[in-house]
Every structure is written in C-alpha cells, then in structure tokens.
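Good morning, and thank you for joining. I should like to take you through one structure, beginning with its enclosed space and ending with its backbone.

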Amino acid sequence: MANRCRSKNKKKIRGWKRRIKHIQKWKQQNFNLGLNNFNYDYVKIWIHPWSSFGKPSPPLWYRRLILSALLEIYHNWKKQLIERGEPFYLKIWLFHPRFSHSQVVAGIGERIDWYENVFPIPENQYEPFPYSEYASNHYNLHDVKWELRIDDIEHYEKMDELTPQEVENLQKTAYHITQTSDGDTLYAVWLGSVWVGHIQ
C-alpha cells in the first residue's frame, strides 16, 4: 500500500507541449485589465496541475515561461491603467519558493493603500533577489525593482479553535506572536519570501 501511494504522489507530468500552450491560453484570457466594482483586479497562475490544491511548484524552465507571461500581462495592464489617468497600484507578486502563488495585482482608489501594506516587511534581514534562478532571454529582471516582503500564514488561537498541541507547535515555529484587540492570540508562521516588483 505504501509503495502504491508513493508512486501516485510522484506521478510523472506528461504532455509538456500542451502545457506550454496552456500558458499562452491563460495569458490571453487575462491579458486585459478588468477592474470590478471593488476597484481591483488580479491574475493568479491558473494552470493545471499547479493551480490545484497544494499548489506544487512547476519545474524551473516552466516557471520562467510563466514569469514571462506575468510580465507581459503586467505591461499591458500598465498601459491600460495609464490611459485611465488616475493613481494606481500595479505590482508583480513573485512568491519564493511558493512560486505557484505568484500573481499580477492592480488596484485603484482605496485599494492602493491596502495593497501597499498587505505583506509584512522583514526586519533586519537582507536577502538577495534570486536572479540566477529566474533569469531568461525572454525578459530582463533587472528592469524590475524588487522589494522583499514576508510570505506567511496567520493562525488565531480562539477563532481557529486550535488544540493545545497546535498551540505548542505554533509557539515554536511562529516568527511573530501577538495579542489581538479582542483578546485572541495570533501566530504568524514564515513560509518564504514575496518579491514585490514594479517597473518605473
């Protein structure tokens, strides 16, 4: 039984030519900005199987193709936002190592400040952008200004009804623990980095 489960989890992904076409289809479907009534729009990586639950990370060469598409979407959205003639937020959120969570995000109005403060800023930590990992002939990552943010997940002791064992584990793994105004305890667990990028 154990061997059967192991082989299922390591099932080989096939049809790479078709999956490359999936990137183009996904890009075209999201190429135009669609600000809704809430003054924002975003595009996540909805390419199977990397958009499924658990979001495994695609191979490096495929990640570069996806990043190239994200940059094309970014440039097209920027043109459309400039044409609107009002202040806007437009950034690429490059999650590392959880690349499958990466996205392009746009906002206007009250969404600008909200997006600017959505990720915690690391204190007293320097981490160089992984240029060598994402470098490609299809784009120049040095054209993008990258700012380091924290990719984390928050757990609330009371609201999430955590067990004593879960609380004990979080007390060991959380990088930040704080008391909320309603008397709950919040545990923030560091998952990786978010590189927030924009082009002048």
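**Cavity, pocket, cores and salt bridges**

The lining of the largest cavity comprises five nonpolar residues, one polar residue and four charged residues. Please bear in mind throughout that this is a predicted model. The volume of the largest cavity is about 60 Å³, and the count of cavities of 30 Å³ or more comes to one. Its lining consists of Tyr-89, Lys-91, Tyr-115, Glu-116, Asn-117, Val-118, Phe-119, Glu-147, Arg-149 and Val-196. At least two of these residues come from each of strand 2, helix 4 and strand 4.

Two of the charged residues in that lining deserve a further word. Glu-116 and Lys-91 form a salt bridge through their side chains, with an N to O distance of 3.7 Å. This pair links distant parts of the chain, since Glu-116 belongs to helix 4, residues 111–116, and Lys-91 to strand 2, residues 89–96, 25 residues apart. Are the two partners buried or exposed, or somewhere in between? Glu-116 has a relative accessibility of 40% and therefore counts as partly exposed, whereas Lys-91, at 9%, counts as buried.

Let me widen the view to the other salt bridges. Across the whole structure, the search finds seven of them. One of the others joins Glu-133 to Arg-63, at 2.9 Å from N to O. Glu-133 sits in helix 5, residues 131–134, and Arg-63 in helix 3, residues 60–84, so this pair ties together parts that are 70 residues apart in sequence. Glu-133 is partly exposed, at 24% relative accessibility; Arg-63 is buried, at 13%.

A further salt bridge pairs Arg-98 with Asp-151, whose closest N and O atoms are 2.8 Å apart. Arg-98 is in the loop between strand 2 and strand 3, and Asp-151 is in strand 4, residues 145–156, so the pair ties together parts 53 residues apart in sequence. Here Asp-151 is the buried partner, with 2% relative accessibility, while Arg-98 is partly exposed at 28%. As a general remark, side chains of opposite charge can pair when their charged atoms come close.

I turn now to the open spaces. The second largest pocket has a volume of about 260 Å³. It is lined by 15 residues, and those closest to its centre are Lys-44, Trp-93, Phe-95, Gln-103 and Phe-119. Strand 1, strand 2, strand 3 and helix 4 each contribute at least two residues to the lining of this pocket. By class, the lining divides into nine nonpolar, two polar and four charged residues. Phe-119 also appears in the lining of the largest cavity.

Strand 1, residues 40–44, also holds Tyr-42. Tyr-42 is partly exposed, with a relative accessible area of 38%. Beyond its neighbours within four places in sequence, Tyr-42 is in contact with Trp-77, Gln-103, Val-104 and Val-105. The C-alpha atoms of Tyr-42 and Leu-90 are 9.4 Å apart, although 48 residues separate the two in sequence.

Next, the nonpolar interior. Which residues of the largest nonpolar core touch the most other members? Among its 32 residues, they are Trp-26, Ile-66, Leu-67, Trp-77, Leu-94, Val-104 and Trp-146. Helix 2, helix 3, strand 2, strand 3 and strand 4 each supply at least two residues of this core, and helix 3 gives the most, with ten. Leu-94 has contacts, beyond four places in sequence, that include Leu-67, Phe-129, Trp-146, Val-194 and Trp-195. Apart from this core lies another, of ten residues, among them Val-105, Phe-119, Val-194 and Val-196. In soluble globular proteins, nonpolar side chains tend to be buried together.

Finally, the backbone. Most residues other than glycine have a negative phi, and most peptide bonds are trans. Where does this model depart from that pattern? His-96 and Pro-97 are joined by a cis peptide bond, with omega about 10 degrees, and Pro-97 lies in the loop between strand 2 and strand 3. Asn-39, in the loop between helix 2 and strand 1, has a positive phi of about 65 degrees and is partly exposed at 23% relative accessibility. Glu-161 likewise has a positive phi, of about 50 degrees. Glu-161 lies in the loop between strand 4 and helix 6 and counts as exposed, at 66% relative accessibility.

Terms used:
Residues numbered from 1 in each chain as written. Predicted model: local features only at pLDDT ≥ 70, side-chain atom pairs only at ≥ 80, totals over all residues. Heavy atoms only, no water. Salt bridge = Lys/Arg side-chain N within 4 Å of Asp/Glu carboxyl O. Helix = DSSP H or I, 4+ residues; strand = E, 2+ residues; numbered from the N terminus. Buried < 20%, exposed > 50% of the residue type's maximum accessible area, 1.4 Å probe, protein only. Contact = heavy atoms within 4.5 Å. 1 Å grid on protein atoms, 1.4 Å probe; cavity = no way out; pocket = protein on both sides within 12 Å on 5 of 7 lines; lining within 4 Å. Points joined across faces, edges and corners; volume = space filled by probe spheres on them. Nonpolar A, V, L, I, M, F, W, Y, C, P; charged D, E, K, R; others polar. Core = buried A, V, L, I, M, F, W, Y, C linked by side-chain atoms within 4.5 Å.
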